[in-house]
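Biologist: Let us go through the labels on this model one by one. For each, I want the value, the cut-off and the conclusion.

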Amino acid sequence: MNPTVELIFTIVGGALVLLTLYGAVTLNRKFFLSGICFFSILPLIGESMAYSTDKAPVHVLVIFIFLVQLVLTMPTSITYGADNVAASKLTGKIALAILLINIGGIVFIFYLKAPVAVQFGYYHVVIALAVLYVMFKRMTATGGWVWAKS
């Protein structure tokens with residue numbers, strides 16, 4: 001990857017990971033989901049650039065995985081409470097899907113030795129930990145999967 005592009009991705013990715021962390025710590029759904037949603041755009045761009053260079057099919061797979069994460073984390077203004085059982089159950093499944101996608105990113109970068117800068121693997125670690133934190137907080141809260149703020 002071009003060093004200038006990598007630097008831009010590192011700065012933007014770091015800012016979005018910090019936004020995700022802020023949203024997780026404050027239990028602010030809008031910041032949490034926005035950080036992950038916009039972070040998902042970075043692998044889409046990076047993998048598209050890599051695919052145009054070497055045409056390896058693995059890039060297409062990664063693009064589709066992060067498209068799924070992008071769609072799952074698009075912040076909406078819809079609010080719900082613990083009384084909406086369907087939304088509460090669905091939120092848990094979406095959180096698990098986001099967690100698995102980011103664990104996949106960790107495995108892809110660190111263990112499969114993908115040609116991706118290591119800092120992006122650490123970004124996936126932080127996002128996965130933030131999702132785990134939110135899952136833990138929501139599961140232990142009275143009323144189930146309810147966000148303190150939207």
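Biologist: Which residues are in contact with Glu47, leaving aside its neighbours within four places in sequence?
Modeller: They are His59, Val62, Ile63, Phe108 and Val116. Contact means heavy atoms within 4.5 Å. Before we go on: this is a predicted model, in which local features need pLDDT of at least 70 and side-chain atom pairs pLDDT 80 or more, while totals for chains, interfaces and linings use all residues. Residues are numbered from 1 along each chain as its sequence is written, and side-chain values use heavy atoms, with hydrogens and water left out.

Biologist: What makes the link between the side chains of Glu47 and His59 a polar contact?
Modeller: The distance is 2.5 Å. The cut-off is 3.5 Å between N or O atoms; within protein, one must be able to donate a hydrogen and the other to accept it, and residues adjacent in sequence count only if both atoms are side-chain atoms. The pair is within that limit, so it is a polar contact.

Biologist: How do you know whether Glu47 has a salt bridge?
Modeller: Glu47 is buried and has none. Lys and Arg count as positive, Asp and Glu as negative; His and the chain ends are not counted. So His59 is no candidate partner. The nearest side chain of opposite charge is Lys55, 13 Å away. A salt bridge needs a side-chain nitrogen of Lys or Arg within 4 Å of a carboxyl oxygen of Asp or Glu.

Biologist: Where is Glu47 found?
Modeller: In helix α2, residues 29-54. Helices are DSSP runs of H or I, at least four residues long; strands are E runs of at least two; both are numbered from the N terminus. Gly46 lies in helix α2 as well.

Biologist: Why is Gly46 called buried?
Modeller: Its relative accessibility is 13%. Buried means under 20% relative accessible area, exposed over 50%, partly exposed in between, with a 1.4 Å probe and protein chains only. So Gly46 is buried. Not counting residues up to four places away, Gly46 touches Met1 and Phe9.

Biologist: Why does Pro75 get a label of its own kind, partly exposed?
Modeller: Pro75 has 33% relative accessibility, which falls between the two limits. Pro75 lies in the loop between α3 (57-72) and α4 (85-111). Beyond residues up to four places away, Pro75 touches Lys30, Leu33, Ser34 and Cys37.

Biologist: What makes Lys55 exposed?
Modeller: Its 53% is over the upper limit, so Lys55 is exposed. Lys55 sits in the loop between α2 and α3. Its phi is near 60°, a positive value in a residue other than glycine.

Biologist: And what makes Lys113 exposed?
Modeller: A relative accessible area of 66%, again over the limit. Lys113 is in the loop between α4 and α5. Here phi is near 55°, positive in a residue other than glycine.

Biologist: How many aromatic pairs does the structure hold?
Modeller: Four. One of them is Phe39 with Tyr123, an edge-to-face pair: 6.2 Å between centres, 75° between planes. Rings of Phe, Tyr and Trp (its six-membered ring) pair if their centres lie within 6.5 Å; planes under 30 degrees apart are stacked, over 60 edge-to-face, the rest tilted.

Biologist: Why does the pair of Phe39 and Tyr123 tie together separate parts of the sequence?
Modeller: Phe39 lies in helix α2 and Tyr123 in helix α5 (residues 118-140), so the pair joins parts 84 residues apart.

Biologist: Why is the pair of Phe120 and Tyr123 called edge-to-face?
Modeller: The centres are 5.9 Å apart and the planes are at 75°, so both criteria are met. Phe120 and Tyr123 lie in helix α5, three residues apart, about one turn of the helix. Ring pairs link Phe39, Phe120 and Tyr123 into a cluster.

Biologist: What makes Phe120 buried?
Modeller: Its relative accessible area is 10%, so it falls under the lower limit. Tyr123, at 14%, is buried too.

Biologist: How do you know that the protein chain is as compact as a globular protein of its length?
Modeller: Its radius of gyration, taken over C-alpha atoms, is 16 Å. The globule rule, 2.2 Å times the number of residues to the power 0.38, gives 15 Å for 150 residues. The values are close, so the description holds. The chain has five helices and zero strands, and 41% of its residues count as buried.
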